[in-house]
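Student: Please take me slowly through one part of this model, and then set that part against the rest of the chain. I am new to it, and I would like each term explained when it comes up.

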Amino acid sequence: MSLALPIIIGLHASTYILLFAALYLTQGADEPSSIEDAIPFITPVLKMRFYGTRFHRHMRDKYNLPIYTIRLPGIRLYVVNSSSLIQRIQRQFLTLSFTAIEARIAANLIGVTEATSKIIKHNATSEDGYLMSLPKYLHSALSTGPALYDMNRRSVQVIAKSLNKLAQEGPTTVDMFQWVRHELLLASTEGVYGPNNPFRDPIMEQAWYTFETGIMTFLLKRLSRIFARKSFNAREYMVKVWEQYFDEGAYEQGSKLVKARVKISNDFNISLKETARIELGGSQAILSNTFPVTFWVELSEGVRIDDRGTCSIDLSYARSSCPILLSTFKETLRLYSTATSTREAMEDHQLDNMYLLKKGGIIMMPSSVQHTNRAVYGETVETFMHKRFIREPGEKGIDPIAFRAFGGGTTLCPGRHFAITEILVFSALLALRFDIKPTGGKWVAPSTAKSQTMPAIAVPDWDFSVEMRPRDDGKPWDISFSGYDKGLEIVAGNIECVPVSLNG
């Protein structure tokens, strides 16, 4: 017993020396400074678990570095705080590649076969490869035009029908996050998958929620069959449903987006069975970050009441001509975005002639660091200001690089137009048609400390109950959606406050 303590101390000391030597011998002098090395490779893991989504902001405030290195077991993370360095990284999209990371995700998250994984990984940074070709296939479906309009129209119809039904029921009490999540899941998937939408089945919807909870385990390859058994089973259930959807040709009645995914699979000799697995990634892109973005604004412009007492609104007006609505949306994203743009160094690269990024290192650009930059947003950076992004004509606006909720550069989210329209339409209709009050009598914003790092939007730690009381006295609503030829690029620049005529 007397020898036990010295042995334990000796083992700990030896382990520490080995870890310190491993760090010292492998960390280049011209690499970005390595931080949190009190216990090499271990301290960063503990700090990440402790701070969660606040980790990157805390490290920025603590060290005040333009870029730094975090050494984890078997991997280097280069975390970028400087907006000027972000711009340089975005220009090097082949050397500092996102598609290489996508290839890993395909194998780990959705569980494609080795053969499919090889197809996806092949020429990952070449224009002829699957991953570099994918945006070209999806572009016409997600860019402003008839195909995007058709998806938005279907989604708007689902939202309008559901809110009409809710209004007819009179005052209703709902758990806010769960209700919003359900409504947007149905609206989003109906727009993409059409009349044979698998998510109409409540079992499929619940399977998606179960799968989501295990995403990080899949990505980290932590024996998901064991440590995320429920998520694994939910994933395999959804794969079977998607196999049936594609085998029966149901996608032919879906959107141009889902048809484009089938086409690229065909062109790269990927079977429909594997396309069903790949669609898990497609669903993830559509669903995972839309649900948490909820807000309410006061909206009165754009509504007409005719001689019959029918309320009419063209929701393209609400989307494009209400600066307070748009600014509120951007401010919500600014404060609640946890998105992190990532790249992998395909070879040793000297960034800005100063910082060595070693081959295989992962470059991370957290949006929360840019969104809380006091040099850009001032002393009110921690305060929600719904008019923050409104500028008078000619007034200097906020630097676009400081707003990264949808990423940037070549990895700017291709589905942003669909998501933006859906969220703005839902929010506008909700504000117009209902008075919403918390059943507890007071609005209390839930914390997000327990939110996982995977979603691009922080998820509330708890739900809350609200009463939704219709405020249109049962008047019928005529809802239209026009102007599909007009884009809404909310990620760039600011929102000008331009007077809009309501008479024509």
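Tutor: What follows looks closely at one open sheet and its surroundings, and then turns to other parts of the chain. This is a predicted model, in which local features need pLDDT of at least 70 and side-chain atom pairs count only at pLDDT 80 or more, while totals for chains, interfaces and linings use all residues. Residues are numbered from 1 along each chain as its sequence is written, and side-chain values use heavy atoms, with hydrogens and water left out.

The protein chain contains 20 helices and 15 strands, which are DSSP runs numbered from the N terminus, with at least four residues (H or I) for a helix and at least two (E) for a strand. Of these strands, 5 make up an open sheet with mixed pairing, in the order β1-β2-β10-β7-β3; two strands count as paired if DSSP finds at least two bridges between them. The edges are held by β1 (67-72) and β3 (96-97), each of which has a single partner strand, so one side of each is left without a neighbour in the sheet. Further in, β2 (residues 75-80) and β10 (residues 362-366) run parallel and are joined by 3 bridges, and V79 has M364 of β10 as its bridge partner.

Helices also lie against this sheet. Helix α3 (residues 55-63) lies across β1, β2 and β10, and runs at about 125 degrees to β1; such angles run from 0 to 180 degrees between N-to-C directions, with axes fitted to C-alpha atoms, for helices over the stretch in contact. Helix α5 (residues 99-109) packs on the sheet as well, touching β3, β7 (340-345) and β10, and its direction makes about 100 degrees with that of β7; contact here means heavy atoms within 4.5 Å.

Helix α3 is also tied to another part of the chain, through a salt bridge between the side chains of E36 and K62 at 2.9 Å, N to O. E36 lies in the loop between α1 and α2 and K62 in helix α3, so the pair ties together parts that are 26 residues apart in sequence. A salt bridge is a side-chain nitrogen of Lys or Arg within 4 Å of a carboxyl oxygen of Asp or Glu, and the structure holds 20 of them. E36 is buried because its relative accessibility is 7%, whereas K62, at 44%, is partly exposed; buried means under 20% relative accessible area, exposed over 50%, and partly exposed in between, with a 1.4 Å probe and protein chains only.

The loop that holds E36 is also the place of I39, which counts as partly exposed at 38% relative accessibility. I39 belongs to a nonpolar surface patch together with Y16, I17, F20, Y24, L25, I42 and L46, and the patch has about 860 Å² of accessible area. Helix α1 (residues 4-26) gives the most to this patch, with 5 residues. Patches are made of residues with over 30% relative accessible area and no salt bridge, where like charges are joined within 9 Å and nonpolar side chains (Val, Leu, Ile, Met, Phe, Trp, Tyr) within 5 Å, and accessible areas come from the Shrake-Rupley method with a 1.4 Å probe, only the protein chains shown counting as cover for residues.

For comparison, consider strands elsewhere in the chain. β12 and β13 pair in the antiparallel sense over 5 bridges, with F434 standing opposite P470 in β13. Side chains alternate along β12: F434, I436 and P438 point to one face and are buried, while D435 and K437 point to the other and are not. D435 also forms a salt bridge with R471 at 3.0 Å, N to O. R471 lies in the loop between β13 (465-470) and β14 (477-480) and D435 in strand β12 (residues 434-438), so the pair ties together parts that are 36 residues apart in sequence. Salt bridges that share partners also join E31, R76 and K358 into one network.

Taken over the protein chain, 49% of the 504 residues are buried. Among contacts with a separation of 6 or more, 73% are between residues 24 or more positions apart. About 24400 Å² is exposed, with carbon and sulfur atoms supplying 55% of it.
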